[in-house]
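Take a moment to turn the model around on your screen before reading on. This short report walks through it piece by piece.

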Amino acid sequence: MRHLQSICKHLLENSLRRLPAIAIRRRQRRPWDQSIQETAIVCNIVGGAISPLLANVFLHYVFDLWIKWWRKRRACGEVVVIRYADDFVIGFERKDDAQRCLDDLRTRFAKFGLKLHDKKTRLIEFGRHAARRRQARGKSRPETFDFLGFTHRCDVTQAGWFALRRETIAKRMRASLAKIKEELRKRRHHSIGEVGRWLRQVIQGWLQYYAVPGNHERLEQFSDEIKKMWVHQLRRRSQRHRWTWDRFTAMFERYLPELTILHPYPSVRFHARLAAGAV
């Protein structure tokens, strides 16, 4: 831990402008005069396996500790902070707190050669009272925001209660389907069983992340598009166009997984622990 703190202090003192980067010092003994030569190599490892670790170490001191201090000393209302790597969302009870924090955050980041992304940084009205307040002012429904692969929007349940709705980002889903389409084209002449097992893994991996409450419609769209692309490739390679749709449906049921919500709400997921008072 002491070494980790010294690394963080070194990063802050030098105000690295391109993160993440690491300096490697190499010592080499020269045989002709038995002297030791030291060389320092600075490596930019953007996209490497250690990249998120260095970003987290840096932002822990630049952002986490600072926002904790700001929330206690300068905020007038409740403040909720959620950060994952270099993406974060901050929720405010008061609008003036949000504006003041945004201005202070830009100043804080500028001290370390960083800046907020102009297109991804927004102040929006969001929450259980946002729709009612905007309607009273004659405005449209609350804006949405993207975070960790989901589009977050204000919604209501059938009983009229507020609900946070999470949907797969449409742009990301289209990009994934385009990659699957290209891979299916390459696997056109593989056996049906081989392609079916591969597609099962693809859809199951998609469900492991995106199968959350309120996202069933996007899950169905994703699965339906994959079925259409698979049928198209089968019809292109042979006489599969003579197959009836019932036969295709039986093939889908055999190989493709059933669409189910794998990540229920915390109140359902941790019901036993909540009832026992363990949380």
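## A first look at the fold

The protein chain is built with 10 helices and seven strands. Keep in mind that this is a predicted model. The chain has 279 residues, and 30% of them count as buried. About 19700 Å² of the protein chain is exposed, with carbon and sulfur atoms supplying 51% of that area. If you take the contacts between residues at least 6 apart in sequence, 51% of them join residues at least 24 apart.

## Two nonpolar cores

A helpful idea to begin with: in soluble globular proteins, nonpolar side chains tend to be buried together.

In this model, the largest nonpolar core has 29 residues. Ile180, Leu184, Leu199, Phe222, Ile226, Trp230 and Met251 are the residues with the most contacts inside this core. Which elements give two or more residues to this core? They are the four in the table below.

| Element | Residues |
|---|---|
| helix H5 | 170-186 |
| helix H6 | 192-210 |
| helix H7 | 216-237 |
| helix H8 | 245-255 |

Helix H6 provides the largest share of the core, eight residues. Try clicking on Leu199: not counting residues up to four places away in sequence, Leu199 touches Ile180, Leu184, Ile226, Trp230 and Leu256.

There is also a second, separate core of 16 residues, which includes Leu59, Ile90, Phe109 and Leu116.

## A hairpin to find

Now look for strand S3 (residues 79-84) and strand S4 (residues 87-92), which pair in the antiparallel sense over six bridges. Val79 has Phe92 as its bridge partner in S4. How many residues lie between the strands of this hairpin? There are two, and in this hairpin Ala85 takes a positive phi near 60 degrees.

## A glutamate in a strand

Finally, visit Glu167, which lies in strand S7 (residues 162-168). Is Glu167 buried or exposed? Its relative accessible area is 9%, and buried means under 20%, so Glu167 counts as buried.

What does the side chain of Glu167 make a polar contact with? The partner is the side chain of Arg153, at 3.3 Å. Arg153 also appears among the residues in contact with Glu167 once neighbours within four places in sequence are left aside. The others on that list are Gly149, Phe150, Thr151, Gly214, Asn215 and Arg218.

Notes:
Residues are numbered from 1 along each chain as its sequence is written. This is a predicted model: local features need pLDDT of at least 70, side-chain atom pairs count only at pLDDT 80 or more; totals for chains, interfaces and linings use all residues. Side-chain values use heavy atoms; hydrogens and water are left out. Buried means under 20% relative accessible area, exposed over 50%, partly exposed in between (1.4 Å probe, protein chains only). Contact means heavy atoms within 4.5 Å. Accessible areas come from the Shrake-Rupley method with a 1.4 Å probe; for residues, only the protein chains shown count as cover. A polar contact is a pair of N or O atoms within 3.5 Å; within protein, one must be able to donate a hydrogen and the other to accept it, and residues adjacent in sequence count only if both atoms are side-chain atoms. Two strands pair if DSSP finds at least two bridges between them. A nonpolar core is a set of buried Ala, Val, Leu, Ile, Met, Phe, Trp, Tyr and Cys residues joined through side-chain atoms within 4.5 Å.
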